[in-house]
Amino acid sequence: MVRSMRDPKVTPHPGDRFRCKNGTELEATGAVFSVTKAGSQTPCLYVSRIVGGKVVSRGVSTVGVFRSGIRSAEIVVRGNDSEPWKDAERRFHSDF
């Protein structure tokens with residue numbers, strides 16, 4: 001069976017790092033499900049914003065929002081291709 005390589009811009013995983021046109025780097029550092037009070041789950045990524053080699057902020061972003069933020073960025077580091085959602089923690093949306 002031949003597996004095609006994952007495109008980090010389409011399917012970002014923890015460990016993927018991108019450099020935006022303004023020089024800021026965004027790195028996905030972990031996978032988490034945001035859970036609403038009603039029980040619905042949204043896949044999210046823990047994201048570090050890096051300026052000048054230093055982490056200036058950390059946060060959580062839905063995968064869709066993260067993808068739109070890296071649309072025109074270049075890939076700096078490619079993370080692991082293993083499925084990050086299998087063992088991802090689940091946290092209430094209000095915890096973020």
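In this predicted model, strands S3 and S4 (residues 54-62) run antiparallel and are joined by eight bridges. Within this pairing, Val55 in S4 faces Ile50. The two strands make up a hairpin with two residues between them, and here Gly52 adopts a positive phi near 60°.

On to the other partner of S3, which is strand S2. S2 and S3 (residues 41-51) pair in the antiparallel sense, with 10 bridges between them. Ser34 and Thr42 in S3 stand opposite one another. This pair of strands also forms a hairpin, with five residues between S2 and S3, and Gly39 in the turn shows a positive phi of about 100°.

Strand S2 has further pairings to follow. With strand S1 (residues 17-19), S2 pairs in the antiparallel sense over three bridges, and Arg17 is placed opposite Glu27 in S2. Five residues lie between S1 and S2 in their hairpin, where Gly23 in the turn has a positive phi of about 95°. With strand S6 (residues 89-92), by contrast, S2 pairs in the parallel sense over four bridges. Ser34 takes part here as well, since its bridge partner in S6 is Arg91. A look at burial completes the picture of S2: nine of the 11 residues of this strand (residues 25-35) are buried, so S2 is largely enclosed by the rest of the structure.

Two residues of S3 are worth a visit. Ser48 sits in strand S3 and counts as buried, because its relative accessibility is 4%, where the limit for burial is under 20%. Leaving aside neighbours within four places in sequence, the contacts of Ser48 include Glu25, Leu26, Glu27 and Thr29. Glu27, as described above, stands opposite Arg17. Ser48 is also in contact with Val55, Ser57 and Arg58, and Val55 is the residue opposite Ile50.

Thr42 likewise belongs to strand S3, but its relative accessibility of 33% makes it partly exposed. Beyond neighbours within four places in sequence, Thr42 is in contact with Val32, Phe33, Ser34 and Thr62. For Thr42 and Thr62, the C-alpha atoms are separated by 7.1 Å, while the two residues are 20 residues apart along the chain.

Stepping back to the whole chain, one helix and six strands are present. Their order along the sequence is β-β-β-β-α-β-β. The C-alpha trace spans about 40 × 40 × 20 Å along its principal axes. A compact globule of 96 residues would have a radius of gyration near 12 Å, and the 14 Å of this chain agrees with that expectation.

Contacts and surface round off the description. Of the contacts with a separation of 6 or more, 53% are between residues 24 or more positions apart. Buried residues account for 32% of the 96 residues. The chain exposes about 6,200 Å², and carbon and sulfur atoms supply 51% of this area. As for charge, the chain carries 16 positive and 10 negative charges, whose mean positions are 4 Å apart.

Terms used. Residues numbered from 1 in each chain as written. Predicted model: local features only at pLDDT ≥ 70, side-chain atom pairs only at ≥ 80, totals over all residues. Heavy atoms only, no water. Rg over C-alpha atoms; globule rule 2.2 N^0.38 Å. Buried < 20%, exposed > 50% of the residue type's maximum accessible area, 1.4 Å probe, protein only. Contact = heavy atoms within 4.5 Å. Areas by Shrake-Rupley, 256 points an atom, 1.4 Å probe, with all protein chains shown as cover. Lys, Arg positive; Asp, Glu negative; His and termini not counted. Charge placed at Lys NZ, Arg CZ, Asp CG, Glu CD. Pairing = 2+ DSSP bridges.
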